[in-house]
Each structure stands twice: as structure tokens, then as C-alpha cells.
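Good morning, and thank you for joining. I should like to take you through one model and its ligand site.

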Amino acid sequence: MTTIPSLFQPFSLRGLQLRNRIVLPPMCQYQAIGRDGMVTDWHLQHYGARAAGGFGLIVAEASAICPEGRISPLCAGMWTDEQAQAWRRIVDCVHSQGSAMGIQLIHAGRKASTFPMLPGFSPGSVPIADGGWETSAPSPVAFPKLRTPCAMTREEIQQIPVLFAQAAARSVAAGFDLVQIHAAHGYLLHQFFSPLSNQRDDDYGGSFANRTRLVHEVVDAVREAVGPDYPVSVRLSATDWFDDDSSVDAWSVADSVQLCQDLAARGVDLIDVSSGGVAPAPIVTGPGYQVPFAAAIKKHVSVPVAAVGQLGDPALAQQVLDEGKADLINVGRAALFDAAWPVRAAHALSLDRSDWPVAPSYHRGEWR
Ligand SMILES: Cc1cc2nc3c(=O)[nH]c(=O)nc-3n(C[C@H](O)[C@H](O)[C@H](O)COP(=O)(O)O)c2cc1C
């Protein structure tokens with residue numbers, strides 16, 4: 001009897017059963033066109049195809065907790081019940097194909113109101129006259145080429161956990177199995193914990209405890225909203241990529257280890273380890289380039305860790321699990337072209353065909 005590679009073995013997250021350890025990470029589709037944050041048929045076919053393609057967990061794209069929290073005017077939202085309702089049929093479709101479905105909730109802070117990353121658009125802030133909006137952030141420090149944000153008042157900061165909690169409750173009502181809090185890629189929560197974007201001198205700035213206060217408040221509010229049995233994930237940027245440069249005061253892997261220990265103690269069920277995004281940085285990419293960050297965090301936390309970043313080679317994805325560097329593997333861009341990446345990986349890793357996560361109607365498929 002051959003053993004099934006761990007990539008294809010089930011995994012459990014606070015009672016949520018995943019059929020395998022392959023995750024579709026959140027990827028903005030910029031297709032809520034003229035719909036005020038409402039998802040469309042595009043999203044239905046996009047997520048449905050990847051569920052039929054065998055993913056264990058699909059995490060829906062960054063969906064905003066309030067209109068000003070959208071990355072772009074075409075981004076999805078979770079700030080109204082109508083938006084939750086529009087997600088419902090997509091979640092049902094994904095479930096019908098055997099995948100679990102989570103949703104990433106976001107406030108983009110100073111990186112909100114930008115043009116969508118679609119052909120024909122350049123990076124930059126959407127002018128107010130063209131449907132953009134004023135942005136807010138911990139401090140009035142602009143991300144290069146984007147508009148300068150207003151510094152958030154204490155009242156505005158204290159509204160953020162409330163909005164995350166409301167969006168999380170809507171996500172549960174829409175049928176999602178997991179909520180992921182977006183604390184990565186230079187968006188609002190990351191802007192608070194990185195000294196590169198947080199210059200506050202009140203109790204949300206300065207010390208590590210102050211800079212990480214908001215993410216803790218968000219986690220607590222979300223947990224309260226979703227109840228004790230529901231899985232909550234946090235995606236964070238493990239580093240701003242200046243760990244080796246003592247002249248730059250930035251967020252580091254050591255900071256992330258500390259934060260993730262605190263988050264695990266607070267009841268976060270899954271840490272998804274990405275990097276960068278708060279400021280231009282000397283990022284070195286390549287196959288598995290963020291895995292060392294996941295491994296460093298995994299060594300020190302008791303909860304599962306997901307790795308991400310150029311893990312589209314099935315052998316590498318399996319190796320990361322075999323070496324104990326992560327518990328789950330995100331496959332993003334490779335799955336944009338290859339909706340059935342898990343099936344392809346099962347083939348590449350020589351799984352018996354009867355163990356492939358293939359939809360019944362596709363069982364006669366071949367790559368020849
Ligand atoms: C089109 C696109 C949209 C993305 N949108 C999001 C997003 O909504 N939230 C997020 O955390 N990361 C987002 N990302 C980053 C991916 O989730 C992933 O971390 C990144 O692409 C690296 O993984 P990969 O090499 O497997 O693609 C996006 C990436 C792409 C290519």
C-alpha cells in the first residue's frame with residue numbers, strides 16, 4: 001500500500017475539515033464592476049472552477065469592511081448584507097465541489113482608492129472626481145505615488161475592530177467556513193505595526209505593544225463575533241525586508257514571531273505568512289522565497305502555519321510539508337492559469353488516480 005503524500009491528506013482547523021492541504025490564497029479579481037462591492041458571475045466561475053479543480057481551502061479575495069477600506073473601486077466588499085447575500089451562491093457552489101471557503105477581510109488604509117491592477121491601469125490613486133476617496137492611516141505618511149492619508153483619530157481607530165467584527169458576522173451568515181484578517185502587504189493593520197508607516201505617539205504608536213494593539217483588538221472583536229468554534233486566520237507580512245539593515249527601523253521576522261505567539265495565545269487558528277508591501281524594499285523572490293519566514297514562525301508557535309510564494313512546483317510544495325516548514329501550502333498565481341492545479345499536482349506526485357481530487361465529470365481528463 002502506498003502512502004498518500006501529506007499535501008493530499010486531510011487537515012483540520014478548529015473542527016473545519018479540509019480534504020487536502022492546498023489553499024487558494026486571496027487574489028483580488030477587480031470585477032465588482034459598477035456593483036458597489038458586490039461580487040458577480042465572474043467570481044462564481046472563478047471560485048467554482050478552482051473548487052472543482054480540487055483545492056482543499058479557497059480563501060476569497062480581500063473584501064472590504066467599509067467602502068473606504070477597498071483597495072480599488074472594483075474590489076469586493078462585506079460591509080452590507082446585500083454583499084453577503086451575493087457571496088452566498090458562490091460559497092454554496094464552492095461547497096458543492098468539496099472545497100471549504102474562507103474570506104479575507106481588509107481595510108486598505110493608505111493603500112486604498114488605487115486603480116485596479118488590470119491591463120490599461122497604472123499604479124496610483126484614483127482621483128476623487130473619478131470615484132476615488134480620501135484615505136486614512138496611522139500617520140499622514142504617503143505610500144510612494146499614492147495620496148497622503150489623514151491620520152486616524154482615536155474614534156476612527158476604535159471603529160475598525162467593530163467594522164471587522166460586523167463583516168466577520170456577515171461572512172458567517174454567508175456560509176464562509178473561515179475568516180482571514182488581512183494584516184499583510186502594507187494595508188491598514190500592517191501600517192499600524194510597521195514603524196515605517198506608524199509615527200503615532202499615542203497608545204497606538206511607538207512601542208511594539210502599542211503598534212500591535214489594533215490587530216489584537218481586531219482579533220478579539222472578530223472572535224467575539226464568530227463564536228468559539230469558528231476558525232480565524234491572520235495573514236501577516238513577516239518582514240518589511242530590512243532585517244539586515246540596522247539603519248532602517250522596520251518590521252522584522254523577530255517581531256513577527258513575537259506577534260504570532262501573542263495571536264496564537266489569543267485564539268487565532270492559522271497564521272498565513274507572506275511578506276512586504278508597506279514600503280518599497282529590496283525583496284528577493286524565487287521558488288519558495290517566503291518559506292523561511294513561515295518556518296521561523298512555525299518553530300515558535302503552537303498553531304498551524306500556511307506558506308505562500310512561488311510554490312507552484314508540486315515537488316517543492318510537498319517538500320515544504322515534509323520538512324515541517326509549514327502545515328498548509330498556498331498556490332496563487334499558478335492557479336490563475338491552472339484552475340485544477342491540485343489535480344495536476346496529484347498527477348505529478350504519482351498519486352493513484354483514484355486519490356486525485358478530481359470532479360466526477362472530469363475523471364476522464366488527460367494531459368496528452
Ligand atoms: C492577481 C492577484 C491578486 C492578489 N490579491 C491578494 C489579496 O486580495 N489578498 C492577499 O493577501 N494577497 C493577494 N495577492 C497575493 C497572493 O495571495 C499571494 O500571496 C502571492 O501571489 C504569492 O503567491 P504565489 O506565488 O503563489 O502567487 C494577490 C496576488 C495576485 C497575483
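Let me begin with a question: how far does a backbone N or O atom of Ala62 lie from an oxygen atom of the ligand? In this predicted model, the distance is 3.2 Å.

Two further polar contacts deserve attention. For Gln310, a backbone N or O atom is placed 2.7 Å from a ligand oxygen atom. For Arg235, by contrast, the side chain provides the N or O atom, at 2.8 Å from an oxygen atom of the ligand. As for burial, the ligand taken alone exposes 600 Å², and the protein buries 82% of that.

I turn now to the surroundings. The ligand occupies the space of the largest pocket. Around the ligand there are 15 residues, and the closest are Pro26, Gln104, Gln310, Gly332 and Arg333. Gln310 thus appears both among these closest residues and in the backbone contact just described. By class, the shell comprises 7 nonpolar, 6 polar and 2 charged residues.

Finally, the chain context. An unreviewed UniProt entry places the feature "domain: NADH:flavin oxidoreductase/NADH oxidase N-terminal" at residues 6-350. Over that range the model is 33% helix and 15% strand. The C-alpha atoms at the two ends of the range are 13 Å apart.

To close, please keep in mind the three contacts, with Ala62, Arg235 and Gln310. Thank you.

Definitions and conventions:
Residues are numbered from 1 along each chain as its sequence is written. This is a predicted model: local features need pLDDT of at least 70, side-chain atom pairs count only at pLDDT 80 or more; totals for chains, interfaces and linings use all residues. Side-chain values use heavy atoms; hydrogens and water are left out. UniProt positions are given in the numbering used here, feature names are shortened, and annotations may be inferred rather than shown by experiment. Helices (H or I, at least four residues) and strands (E, at least two) are DSSP runs, numbered from the N terminus. A residue is near a molecule or strand if one of its heavy atoms lies within 4 Å of it. A polar contact is a pair of N or O atoms within 3.5 Å; within protein, one must be able to donate a hydrogen and the other to accept it, and residues adjacent in sequence count only if both atoms are side-chain atoms. Accessible areas come from the Shrake-Rupley method with a 1.4 Å probe; for residues, only the protein chains shown count as cover. On a 1 Å grid over the protein atoms alone, a cavity is a set of points where a 1.4 Å probe fits but cannot get out, and a pocket is an open set with protein on both sides within 12 Å along at least five of seven lines; lining residues have an atom within 4 Å of a point. A molecule sits in a cavity or pocket if more than half of its atoms lie within 2 Å of its grid points. Ala, Val, Leu, Ile, Met, Phe, Trp, Tyr, Cys and Pro count as nonpolar, Asp, Glu, Lys and Arg as charged, and the others, Gly among them, as polar.
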